[in-house]
Structures are given as C-alpha cells and as structure tokens.
Amino acid sequence: MYHFIINPHSRTGKARILWAQLKEELNHRNIEYKEYFTERSSHAVAIARQICEEFEGIKTIVIVGGDGTANEVINGIDSYKDVILGYIPTGSSNDLARGLQLPKDPRKALDHILNPRHFKMVDHGIITYTQSGLSHKFAVSCGVGYDAAVCKEALRSRTKELLNKIGLGKLTYLIIGIKQIFTNKPTDTELIIDGSKSLVVKNVIFVASMIHKYEGGGLLMAPSAKANDRKLTVCVVANIPKLKILFVMPTIFFGKHILIKGVQLFDCDTIEIKTKEPSAVHTDGEFGGYHRHVKLSCTKEQIRMII
C-alpha cells in the first residue's frame, strides 16, 4: 500500500494535473494506494501523523509537492523506522529532489518509487526556538537573516505566481534576492558551535544551516554537504558591502562563493545562533517568524528514502 500526500496547489496548481496523470499510471498497473490532498497550511503534518497512527507495520509515504510539503510531512512522522519515504517533486524550488538527485519528470520519479532499486538513510535537521521551547524539523535547510527574509517575501509574492505559470518560478528568488540586498539589515551574531566554541561575527547577512547542498531553487549553498553524515553544514556570510553582494550572488549557483572573503563554511553537530536584533528564520523555505536565539542540530534518527 502506498500513501500519496498531494499538495494540489504546488507549481501554481499544476500539481493537480500532474497527479491525475500519475493516477492513470497507478490504476493501469493495478497498484494499491490511498490519496490524501492537503487543504491548508500544516495539513500535511496532520495527514502524515494520521497515516502513522492508523496503519500498522512499515508505511510507504510518497510526497507529491514541493519542499514545503516535504517539510510538513516529516514533521508529522514520529517514528522513522516505520516509514519509507518517496518524493515526487512538483514545487518551484525542489531542492530536496535536487540534493537527492531524483528525477525531475514526475512519471520517472513514480517509476523509481514503484520499482525501488536504491534507498538512502537521510538526515533531517531540527530547530528549537529558545523563547518558546518549540522545535521543528527541516529536510533541506534552515536560514537566519537574509535568505529567510527572501523566503518570507517569496511566499506572498505575486511575481512567484506569475513566473510559475510560465515555468520560471526559480527566478522568483533571484528577483526578490536582489531587492532584499538593499532592504535587509545585517546584525552582529554570536555562534556557539558544538556547545563550546563561541564565535562572534559582526554584520552577519545570513547563517544557512544545510542538510543538502542546495537551497533557494538551485543555489549551491553548501557544496560539501552530505545528507547522511549527521552533521549540519553551516554557511555564514558577513561583512560584505551591499553592492559587492550583487556580484557574489551569481557565484552561489556554482558554489564558488565559499572562496570569497566574508564567507565561512564549516560542519558541526550543533549550533546556537544569537543575533543582536530579531532576525527572520526559515525552514525549507517556510517562514518561521523573527527570533534572536535558536538552536540547531540533526535528528537522532535517519529516515529511509527511495532514491
């Protein structure tokens, strides 16, 4: 039995059409499956939790959506050992699929899931908001500062909606990113690495804690990141003049930003981020509010994914 969790609104509603095509293939092959459509924010969390509670044994859950839907699904799974996870990317960013080198074509992705040859145990990150004590998992990345501000604006952007309709949704982050260079304010930040090493950095533009290599629709933020090493790969960008950032941004597509003064990349088990001013936070492109103190690490469990 396959449990498909579908976000019909991903890719500006095109996911509904894609799912109809995938259903034809499932029915043609006489595959036993159940379908669940998300209807609101955080609905996929509840659906995943329901599946895990109602069905015994190993459950194969397949996400049909974008990185935001994947984020919700993993937050609804309490016991990873009882789940095999598949992913059919239909979002505008699809950085999780890019990091796992999954097929872009939904039919090919479905075929991989129905005829699995390779599995991978995959990490997830977890962020704890110290003021509330609440925690939230992330599949791809968590950002504090500039990149989170970009995500916040992109989620409400009519530009993204229009570009998605013509298949250019990835340009949303580039356009908004250029705007945010001039509106987002850097802040002094203390980083506590692995619970002991304290690093104070002036004028931090953003701190991106990565599970996979890519975020923001194909930005190679962490070229050395490994999805199964139980480590966070952290990219810190600070003390770069705003006009220079315009020239730095294109280098991120090729992972060459790490050669630029003001960019640090390192691996760690845990990191605390304390900012002088409240900073925007995102998890997998979903805006998580403004915070001054967060803690990040990997979950103890890894989940088995079909790749």
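**An open mixed sheet, its covering helices and a second strand group**

In this predicted model, six strands make up an open sheet of mixed pairing, arranged in the order β2-β1-β3-β4-β15-β5. The edges of this sheet are formed by β2 (residues 33-37) and β5 (residues 119-122), each of which pairs on one side only. Averaged over the sheet and with direction ignored, neighbouring strands are turned by 30° against each other. Within this arrangement, strand β4 (residues 83-89) runs parallel to strand β15 (residues 303-306), and the two are joined by two bridges; Ile84 has Arg304 as its bridge partner in β15.

Two helices lie across strands of this sheet. Helix α1 (residues 14-28) lies across β1 (residues 2-6), β2, β3 (residues 59-65) and β4, and its direction makes an angle of about 170° with β2. Helix α2 (residues 43-54) likewise lies across β1, β2, β3 and β4, with an angle of about 170° to β1. The twelve residues of α2 reach 16 Å from the first C-alpha to the last, which is close to the 16 Å expected at 1.5 Å a residue. The buried residues of α2 are His43, Ala44, Val45, Ile47, Ala48 and Ile51, and the elements that cover these buried positions include β1, β2, β3 and α3 (residues 67-75).

Helix α3, which thus contributes to the cover of α2, is itself largely enclosed by the rest of the structure, because nine of its nine residues are buried. The buried set of α3 comprises Asp67, Gly68, Thr69, Ala70, Asn71, Glu72, Val73, Ile74 and Asn75.

A further group of paired strands involves β9, β10 and β13. Strand β9 (residues 187-193) is mostly covered, with five of its seven residues buried. The pairing of β9 with strand β10 (residues 197-210) is antiparallel and extends over six bridges, and the two strands form a hairpin with three residues between them, where Asp194 in the turn adopts a positive phi of about 55°. Strand β9 is also joined to strand β13 (residues 270-283), again in the antiparallel sense, by five bridges. Ile193 takes part in both pairings, since its bridge partner in β10 is Lys197, while its bridge partner in β13 is Ile271.

Ser297 is located in strand β14 (residues 286-298). With a relative accessibility of 18%, Ser297 falls under the 20% cut-off and therefore counts as buried. When residues up to four places away in sequence are not counted, Ser297 touches His124, Gly125, Ile126, Leu232, Asp269 and Thr270.

As to internal voids, the structure holds three cavities of 30 Å³ or more, and the largest of these has a volume of about 60 Å³. The lining of the largest cavity consists of Tyr146, Gln180, Ile181, Asn184, Lys185, Pro186, Ile205, Lys242 and Ile245. The elements that give two or more residues to this lining are the helices α8 (residues 171-183) and α9 (residues 242-252).

Definitions and conventions. Residues are numbered from 1 along each chain as its sequence is written. This is a predicted model: local features need pLDDT of at least 70, side-chain atom pairs count only at pLDDT 80 or more; totals for chains, interfaces and linings use all residues. Side-chain values use heavy atoms; hydrogens and water are left out. Two strands pair if DSSP finds at least two bridges between them. Helices (H or I, at least four residues) and strands (E, at least two) are DSSP runs, numbered from the N terminus. Axes are lines fitted to C-alpha atoms, for helices over the stretch in contact, and angles run from 0 to 180 degrees between N-to-C directions. Contact means heavy atoms within 4.5 Å. The expected span of a helix is 1.5 Å times one less than its number of residues. Buried means under 20% relative accessible area, exposed over 50%, partly exposed in between (1.4 Å probe, protein chains only). On a 1 Å grid over the protein atoms alone, a cavity is a set of points where a 1.4 Å probe fits but cannot get out, and a pocket is an open set with protein on both sides within 12 Å along at least five of seven lines; lining residues have an atom within 4 Å of a point. Grid points are joined across faces, edges and corners, and a volume is the space filled by probe spheres set on the points.
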